[in-house]
Number of protein chains: 4
Amino acid sequence: MSFTAKNPLFAIQVRNSFERQTAMSSIGAELLIVEPGKVEIALPYRSELTQQHGYLHAGIITTIADTACGYAAYTLMPAGSEVLSVEFKVNLLRPAKGERFVAVANVLKPGRTLTVVRADVFGISESDERELIATMLATMICLQK
Amino acid sequence: MSFTAKNPLFAIQVRNSFERQTAMSSIGAELLIVEPGKVEIALPYRSELTQQHGYLHAGIITTIADTACGYAAYTLMPAGSEVLSVEFKVNLLRPAKGERFVAVANVLKPGRTLTVVRADVFGISESDERELIATMLATMICLQK
Amino acid sequence: MSFTAKNPLFAIQVRNSFERQTAMSSIGAELLIVEPGKVEIALPYRSELTQQHGYLHAGIITTIADTACGYAAYTLMPAGSEVLSVEFKVNLLRPAKGERFVAVANVLKPGRTLTVVRADVFGISESDERELIATMLATMICLQK
Amino acid sequence: MSFTAKNPLFAIQVRNSFERQTAMSSIGAELLIVEPGKVEIALPYRSELTQQHGYLHAGIITTIADTACGYAAYTLMPAGSEVLSVEFKVNLLRPAKGERFVAVANVLKPGRTLTVVRADVFGISESDERELIATMLATMICLQK
């Protein structure tokens, strides 16, 4: 699907908001792609953010997937609005192995109030192989100021 | 509901596993209660773990809720097994305001392979008022070694 | 939790809307309780509504749970509004055995736009024993006319 | 993604099991495509299966999506196994308008015990236009006899 942004400054708006998410810099996440209806966020593996077997914690995977979904929705919202997560569901498909991780979020259905977004999270090995490790289905809400 | 643990050392098993979750100490989470079918985890508010409005990031709330659900399930699993998250769904009910947060996980339905767990996450104010800010419904799997 | 209805005619409003859900009468569902923030719906077992092993189909269980959640939310909405399902998640906990089934929905968090509702579905045996067979966590939206 | 079936008789196995789902014939659902990792199910609109505004009930949409997901998973399971729904999450994207509906389920991640499946449900108009009305993310379990 291809979408058109209502707000010509959507990319700046997303990048400014991302900067205010202190959780992103604390875990080391980086905003890659910001396009109408699509956002990608990368996260290098960090041994301080694991579950009990040394894989990245499902909650940390969720953190980048949620931010990617929120901002994918935000790219399609009018200027001056705010985005909040209503709910999300995550399936953990494989152990979160990888040197780094990328969450790729795409809007499924934009709406004036609610926007539904899907994100896939990939683990990327040293040799640059991608494996799908988790998938999120999320609902985001637009708050008008 | 009241459950009986199969593994008399369930609490030690949970605490040892929790110690290996580096994500827990990195975000400042602490294991409170470990009972058969029930686990509570606390997290103080930290300004480095927020979303764009200064509230605790939904992914960080999910991180403690997921760990609480996983270990609530783990308390009922036989000795020598491992627990992994299959999937979870989170509804964000209110902005994650609070001085600290507590995730309270209770097993809904234990099983030999799959265990379903519910967690409520509360924000707790300075004056010790509790408000439900999020709820999780999760599926955990038992891996036998 | 105890809630107060804004619309004094909430129960009539729910019952009228339930009457218009042809799916309810087609599967044989009946509206039991309608209170502020709470709705119960019953469904007798029918051999025409099963999955491959003769148990009630998960989709039919979902049908009564969704309607119960929608109307539990609806009891707290202002007069003249409409309710629609945004999304729901269902965990199937046990085979849907029983002579009849009851979906019990309770509002977790009411809101002006979105309301979050939880439903438990019980299978009830001939000897009147209740067993939890499924649980739903749902988001409902209020549309103002 | 392309998958290979372990059971050469997977299509017959699925069709036989579908025949035993009395809910399918009762609502008028028909099995269209059965391929390794993919199943499609069609359902004509029926005015006896609606919610309060005359659209197909979300639970009925879920019924065909759940069956499609279950059998998509089943195509990849070994001979003699059984499939059951563990859980699913459904987002309702648009009112379920259409002359008929098609649920298209594709396996995301097959596994020995658990298989994760995604289904999209389309409403199809008289003039054969397709609109995505709902999406499901589901977990299925393989039971070995």
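This report looks at how chain B meets chain A and chain D in a predicted model.

Some housekeeping comes before the interfaces. Residues count from 1 along each chain as its sequence is written, while chains are lettered from A and ligands numbered from 1 in the order in which they are written. Since we're dealing with a prediction, local features need pLDDT of at least 70 and side-chain atom pairs count only at pLDDT 80 or more, whereas totals for chains, interfaces and linings use all residues; side-chain values use heavy atoms, with hydrogens and water left out.

Here are the two interfaces, with contact meaning heavy atoms within 4.5 Å and buried area being the accessible area (1.4 Å probe) that two parts lose on being put together, summed over both.

| Interface | Contact residues | Buried area | On carbon and sulfur |
|---|---|---|---|
| Chain B and chain A | 34 residues of chain B, 34 residues of chain A | about 2700 Å² | 52% |
| Chain B and chain D | 7 residues of chain B, 7 residues of chain D | about 450 Å² | 86% |

**Chain B with chain A**

Q52(B), H57(B) and F88(B) supply 23% of the area that chain B buries here, more than any other three residues. There are 2 salt bridges (a side-chain nitrogen of Lys or Arg within 4 Å of a carboxyl oxygen of Asp or Glu). E87(B) makes a salt bridge with K89(A), with the closest N and O atoms 3.4 Å apart.

Strand 3 of chain B gives 11 residues to this side, the largest share (helices, H or I, of at least four residues and strands, E, of at least two are DSSP runs, numbered from the N terminus). Strand 3 (residues 81-92) of chain A pairs with strand 3 of chain B in the antiparallel sense over 5 bridges; pairing takes at least two DSSP bridges between two strands. Within that pairing, F88(A) has V90(B) as its bridge partner.

Now the symmetry: a rotation of 180° with 0.0 Å of shift along its axis puts chain B on chain A, at RMSD 0.0 Å. That is the relation of a two-fold axis. The superposition is by least squares on C-alpha atoms of residues with pLDDT of at least 70 in both copies. K89(B) is the residue of chain B that comes closest to the axis, its C-alpha lying at 2.0 Å.

**Chain B with chain D**

V86(B), E87(B) and L114(B) lose the most area to chain D, together 57% of what the chain B side buries. The rule finds 0 salt bridges across this interface. Strand 3 of chain B again gives the largest share of its side, 3 residues.
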